[in-house]
Amino acid sequence: LWQGSGGGLHPLVEAYTVGEDYRLDGEVLLPYDLKASAAHASMLQSIGVLTAEELQTLKTALKEIEELWKKGEFKVTPSQEDGHTAIEQYITEKYGDVGKKIHTGRSRNDQSMTMIRLYSLEQLREVKALALDLASAAEARLPKLNDVAMPGYTHMQRAMPTSVGTWLGSFAQGWKDAAKVLDGAISVLDQNPLGSAAGFGINGLALDREETAKLMGFGAVQSNPMYCGLSRGMFENV
């Protein structure tokens with residue numbers, strides 16, 4: 001990807017620098033990259049960077065890639081390193097320079113952050129819903145179990161008598177508290193980093209970051225472009 005003119009990249013160097021990232025992008029993260037690219041393209045058309053025809057071409061291309069990916073026919077190769085490059089190469093090879101034009105106003109840095117954040121939010125919301133479902137299912141059983149006796153244990157030995165309802169209810173309350181913790185993580189991650197570029201924003205181009213946030217379903221824009229990059233490690237470990 002980064003190779004200049006003359007000579008090829010040594011396979012050991014390529015394997016070391018690429019690692020397994022291309023697999024993660026190609027097998028898991030690609031749909032989120034496509035979603036971010038579609039939102040970015042729509043925003044670029046709204047501010048006059050893309051024509052309506054170019055936007056339609058890009059939407060068609062992105063949909064094609066999505067359908068190919070669902071059928072297992074769109075692959076990210078080690079030489080491409082990631083899904084960003086695979087998407088751009090596909091569009092450019094099939095539809096021309098509009099495939100490069102979609103990259104206007106963004107960097108691989110904010111593109112990657114946006115993709116990972118969309119994926120993370122979806123997973124967190126799914127886990128939260130499952131935790132609440134478990135809590136509800138457990139609580140629905142409590143009326144019939146509150147009077148069912150069972151021994152309580154301490155230090156691996158039987159201790160005070162309790163009930164199955166008390167035992168099961170403890171898990172229900174734990175799952176509900178876990179959902180609250182997940183709410184906190186979701187509120188932190190629910191910020192759009194797209195448009196922050198490589199950490200300094202885009203001078204001379206009035207990107208509508210509120211619009212891309214709306215199109216992707218983010219609750220807010222992460223306004224400070226430098227913090228977008230600085231927060232990446234923390235956000236991905238929340």
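## Helices, contacts and turns in a predicted model

User: G184 lies in helix α7 (residues 164-189); what is the relative accessible area of G184?
Analyst: This is a predicted model in which local features need pLDDT of at least 70 and side-chain atom pairs count only at pLDDT 80 or more, while totals for chains, interfaces and linings use all residues. Residues are numbered from 1 along each chain as its sequence is written, and side-chain values use heavy atoms, with hydrogens and water left out. Helices (H or I, at least four residues) and strands (E, at least two) are DSSP runs numbered from the N terminus, and buried means under 20% relative accessible area, exposed over 50% and partly exposed in between, with a 1.4 Å probe and protein chains only. G184 is partly exposed because its relative accessible area is 31%.

User: How far apart in space are A178 and A131, C-alpha to C-alpha?
Analyst: A178 also has its place in helix α7, and with a relative accessible area of 30% it is partly exposed. Along the sequence, A178 and A131 are 47 residues apart. In space, the C-alpha to C-alpha distance for A178 and A131 is 7.2 Å.

User: What span should helix α4 have at 1.5 Å a residue?
Analyst: Helix α4 covers residues 83-95, which makes 13 residues, and the expected span of a helix is 1.5 Å times one less than its number of residues. The C-alpha atoms at the ends of α4 are 18 Å apart, and this agrees with the expected span, because that too is 18 Å.

User: Which helices do the buried residues of α4 pack against?
Analyst: The buried residues of α4 are G83, H84, T85, A86, I87, Y90 and I91. They pack, with contact meaning heavy atoms within 4.5 Å, against α2 (21-46), α3 (52-70), α5 (98-101) and α6 (108-145).

User: At the start of α4, which residue has a backbone nitrogen reached by a side-chain oxygen of D82?
Analyst: A polar contact is a pair of N or O atoms within 3.5 Å, where within protein one must be able to donate a hydrogen and the other to accept it, and residues adjacent in sequence count only if both atoms are side-chain atoms. At the other end, just after α4, G96 takes a positive phi of about 90°. At the start of α4, the side-chain oxygen of D82 comes to within 3.2 Å of the backbone nitrogen of H84.

User: How are α2 and α6 roughly oriented to each other?
Analyst: Their axes lie 8 Å apart and make an angle of about 105°, where axes are lines fitted to C-alpha atoms, for helices over the stretch in contact, and angles run from 0 to 180 degrees between N-to-C directions. Angles under 35 degrees count as roughly parallel, over 145 as roughly antiparallel, 65 to 115 as roughly perpendicular and the rest as oblique. The two helices α2 and α6 are therefore roughly perpendicular.

User: How many charged residues does the contact of α2 with α6 have?
Analyst: On the α2 side are D25, V28, L29, Y32, D33, K35, A36 and S37, and these meet Q111, T114, M115, I116, L118, Y119, E122 and Q123 in α6. By class, the contact of α2 with α6 holds eight nonpolar and four polar residues, and its charged residues number four. Here Ala, Val, Leu, Ile, Met, Phe, Trp, Tyr, Cys and Pro count as nonpolar, Asp, Glu, Lys and Arg as charged, and the others, Gly among them, as polar. The number of charged residues is thus four.

User: What distance separates the C-alpha atoms of C228 and P193?
Analyst: C228 sits in helix α9 (residues 225-230) and is buried, with a relative accessible area of 0%. Leaving aside neighbours within four places in sequence, C228 is in contact with M113, R117, P193, S196, R209 and Q222. C228 and P193 are 35 residues apart along the chain, and their C-alpha atoms are separated by 5.8 Å.

User: What value does the phi of H155 take?
Analyst: Most residues other than glycine have a negative phi. H155 lies in the loop between β1 (149-154) and β2 (157-163), and at 70% relative accessibility it counts as exposed. Although H155 is not a glycine, its phi is positive, at about 50°.
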